[in-house]
Amino acid sequence: MSEQFNRDRWLEEVKKQITDQSITDHSVLKRIRLAQIHKLDLQLLKWMRPYLMNDRANIVNQMSQQILDLYKILSKIPSQKAKEYLKNMYAEQTRLLFKGSLDQSVLVHCEQSAVFFLDHELSIANQIALFSLYRRALIEAIAHEVNHPEQMLFLSESLDKFLSLEQQLILERYQQLKHKRELEKEEVIRFRAYHDALTGLPNNLVAEESVVDLVKGYKNNNRSFSLLKINVDRLKIINEIFGRQIGNELLVALSGRMKGALKDFNAELYRISSDEFMIICRDCLNKRGLTHLIETLLRTTEQPYHIDGKEIYATFSIGISQFPYDGSSSIQIMASAEAALREAKKSSRESFFFYNNALHQKLLMKLNTENELQSALYNHQFLLYYQPQVDACTGALIGVEALVRWEHPERGIVPPSAFISVAEETGIIRDIGWWVLDEACRQMKKWQDRGTPKVPISVNLSFNQFHDDSLVKRVCFALEASGLQPEYLELEITESTMAEDLERSIRLLKEIRALGVGVSLDDFGTGYSSLSYLKSLPINQLKIDRSFVLDIAQSNQDQAIVTAIVSMAEHLWIDVIVEGIETKEQLRAIESCRCRAIQGYYYSRPLAENDFSDKYLA
Ligand code: C2E
Ligand code: MG
Ligand code: MG
């Protein structure tokens with residue numbers, strides 16, 4: 001019979017076996033068959049150590065001790081009977097234990113273990129391997145104390161039963177927790193998919209779905225709802241000046257105030273893009289009711305925001321549309337709010353705009369023009385007119401400006417003023433513009449090949465073309481395809497085209513100039529007209545706008561301005577041409593400003609190809 005199980009010695013032994021060194025000591029690792037477990041789980045072993053040595057070990061220890069004590073008493077009884085007794089005794093103990101009445105701490109440990117396994121993403125196979133390691137450590141510890149083989153067998157059986165029950169309990173808890181976490185994760189993913197991360201507001205997906213649902217629900221009920229599309233003014237500038245963090249804080253504060261303003265209305269707020277919000281007002285509010293809502297919104301948000309010691313004001317523009325009056329489908333009603341918002345942004349008087357019939361007609365016409373432009377391009381309905389540029393002193397042709405025309409099957413020749421802005425808005429201008437560039441180069445080369453005076457041809461570049469990354473490539477292509485020398489091509493751009501990013505514009509213009517192509521600043525005097533930045537622009541010509549010419553014969557002031565522009569350009573080695581000369585008086589006045597290069601009806605209107613070549617190139 002062995003001596004009594006010594007708990008302290010047993011603990012010491014376990015400690016000795018599983019020390020930090022033993023974790024890295026190969027012989028120990030081998031002995032406890034750690035090879036079955038991934039290296040990663042060495043970490044786990046460290047974690048198991050305190051677990052082994054504390055309460056958990058106490059329970060096993062107490063149990064073992066009780067069993068040992070009993071065994072001692074019962075050793076005098078015939079062995080079969082003793083075994084049975086102990087078996088029943090054990091069954092009772094485990095039953096009580098796992099009912100939780102024996103020791104709550106076991107359950108706590110099971111919970112902790114399950115959480116630990118989850119946190120470390122330990123597979124079930126690894127959990128089982130870890131348990132076998134744990135069992136081995138316990139058995140080895142007990143074996144030190146127990147010499148009697150029968151006693152050892154009995155103890156290890158008891159321990160196995162105990163451990164397998166515990167393992168089962170942990171596994172169950174593990175599965176429960178895992179399932180719960182997966183659900184939570186799904187919940188988070190679902191929340192993120194439908195909410196804006198910054199403000200926590202429902203996002204554009206929810207907004208769109210809500211509109212679709214409302215249209216479906218209200219269609220047959222004669223009910224109406226309103227959409228308010230809101231754009232925060234100057235958010236980009238606020239971000240640039242104060243930094244993105246402050247811009248974000250402003251948006252959070254702003255959305256908080258907006259939400260507050262809506263609390264008395266049956267309306268929901270959504271954040272649908274970085275600087276856009278949407279409000280869906282489910283009540284059938286009339287225009288007065290909506291104006292009241294908007295005024296409440298504006299009043300609540302107009303006070304300055306104090307962020308990071310800075311005082312920031314946030315203003316916004318609102319476009320409003322109402323179902324079913326401004327659109328009978330979800331797409332239409334949202335497009336109407338968007339169109340109304342664009343109008344609100346244009347207006348300097350009001351910050352909000354209700355979609356109305358006039359806007360509807362305007363958009364219809366635009367849509368119509370857009371379709372027609374596409375088909376015009378496809379059906380080759382564009383053509384070029386050419387306007388001469390003349391030296392007023394000699395009357396010699398010094399250049400030609402190519403001006404696009406649309407030969408409409410019903411309307412006849414349509415001037416650019418009727419379609420350029422729609423073409424710009426829709427982007428079709430790019431295709432039209434590239435065609436103009438190719439055609440102008442081709443035509444000029446054709447004229448030159450006929451032995452006519454070699455003068456440059458000017459081509460107007462739209463905003464879209466100038467901001468198209470392929471611009472330089474397109475210019476090279478037009479020159480190559482036509483065989484025109486680069487010095488006979490001049491590109492006309494306006495100040496507003498370059499204003500958005502002056503640095504990039506200068507870089508681009510330098511590239512164009514490096515090709516040998518000229519650059520002319522068109523409509524000079526109508527844009528920013530900052531004389532100071534002229535010297536930084538790599539241009540070779542200035543075109544003084546027609547507006548200076550209109551009254552020049554009578555206005556000393558206009559003459560003084562033109563004279564100043566001419567002398568400054570001279571100083572910068574930039575040529576000057578004046579456009580829009582219609583009368584002899586205007587011509588005289590311009591000449592007195594020491595300007596010789598002229599383009600205007602006085603000499604000729606823009607002409608079709610044949611008329612131009614008959615008149616100037618014969
Ligand atoms: P712009 O480039 O400033 O072209 C000069 C405009 O002034 C032309 O109008 C021309 O016919 C007109 N003009 C010339 N002399 C006189 C004059 O003495 N009196 C008056 N009242 N007008 C005169 P057009 O051809 O109608 O073109 C208008 C604008 O459309 C152009 O202004 C240009 O900005 C744009 N544009 C024309 N063709 C193209 C093109 O191919 N591409 C692009 N992007 N824009 C073009
Ligand atoms: Mg021009
Ligand atoms: Mg012009």
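Student: How are the donor residues of the magnesium ion (ligand 3) spaced in sequence?

Tutor: The pattern is D-D-x55-E. Keep in mind that this is a predicted model. In it, Asp522 (OD), Asp523 (OD) and Glu579 (OE) coordinate the magnesium ion (ligand 3) at 2.0 to 2.3 Å.

Student: Which residue bridges the magnesium ion (ligand 3) and the magnesium ion (ligand 2)?

Tutor: That's aspartate 522, and the two ions it bridges are 4.0 Å apart. Now look at where the donors sit: aspartate 522 belongs to strand 13 (residues 518–524) and glutamate 579 to strand 15 (residues 575–579), so this pair ties together parts 57 residues apart in sequence.

Student: Is aspartate 522 buried or exposed?

Tutor: Buried, with a relative accessible area of 7%. Glutamate 579 is buried as well, at 12%.

Student: Let's turn to salt bridges. What's the general idea?

Tutor: Side chains of opposite charge can pair when their charged atoms come close. A search of the whole structure turns up 27 salt bridges.

Student: Which residue forms a salt bridge with glutamate 579?

Tutor: Lysine 543, with the closest N and O atoms 3.7 Å apart. Glutamate 579 is in strand 15 and lysine 543 in strand 14 (residues 541–544), so the pair ties together parts 36 residues apart in sequence. Both glutamate 579 and lysine 543 are buried.

Student: What about a salt bridge with partly exposed residues?

Tutor: Try arginine 594 and glutamate 570, whose side chains meet at 3.0 Å, N to O. Arginine 594 sits in the loop between helix 24 (584–592) and strand 16 (597–599), while glutamate 570 is in helix 23 (residues 556–571); the two are 24 residues apart. Arginine 594 counts as partly exposed at 47% relative accessibility, and glutamate 570 does too, at 46%.

Student: Which residues are joined into one network by salt bridges that share partners?

Tutor: Lys229, Glu276, Glu338 and Arg342. Within that group, glutamate 276 and lysine 229 form a salt bridge with their closest N and O atoms 3.9 Å apart. Glutamate 276 lies in strand 3 and lysine 229 in strand 1, so the pair ties together parts 47 residues apart in sequence. Glutamate 276 is buried at 14% relative accessibility, and lysine 229 is buried at 12%.

Student: And the sheet they're in: what is its strand order?

Tutor: Read across this open sheet of five strands and you get 2-3-1-6-7, with mixed pairing. Strand 2 (267–273) and strand 7 (352–354) are at the edges with a single partner strand each, so one side of each has no neighbour in the sheet. On average, neighbouring strands are turned by 20 degrees against each other, direction ignored.

Student: How many bridges join strand 6 to strand 7?

Tutor: Three, and the two strands run parallel. As one example, isoleucine 318 has phenylalanine 352 of strand 7 as its bridge partner. Helix 13 (residues 287–302) lies across strands 1, 3, 6 and 7, running at about 155 degrees to strand 6.

Student: Back towards the metal site, then. What does strand 12 pair with?

Tutor: Strand 12 (residues 489–494) pairs in the parallel sense with strand 11 over four bridges, and with strand 13 over five. Follow glutamate 490: its bridge partners include serine 458 and, in strand 13, glycine 518.

Student: Which residues of strand 12 are buried on each side?

Tutor: Leu489, Leu491 and Ile493 on one side, and Glu490, Glu492 and Thr494 on the other. Both faces are covered.

How values were computed. Residues are numbered from 1 along each chain as its sequence is written. Chains are lettered from A and ligands numbered from 1 in the order in which they are written. This is a predicted model: local features need pLDDT of at least 70, side-chain atom pairs count only at pLDDT 80 or more; totals for chains, interfaces and linings use all residues. Side-chain values use heavy atoms; hydrogens and water are left out. Two strands pair if DSSP finds at least two bridges between them. Axes are lines fitted to C-alpha atoms, for helices over the stretch in contact, and angles run from 0 to 180 degrees between N-to-C directions. Contact means heavy atoms within 4.5 Å. Donors are N, O and S atoms within 2.8 Å of the metal (3.2 Å for Na, K and Ca); water is not among the atoms, so sites may look incomplete. Buried means under 20% relative accessible area, exposed over 50%, partly exposed in between (1.4 Å probe, protein chains only). A salt bridge is a side-chain nitrogen of Lys or Arg within 4 Å of a carboxyl oxygen of Asp or Glu.
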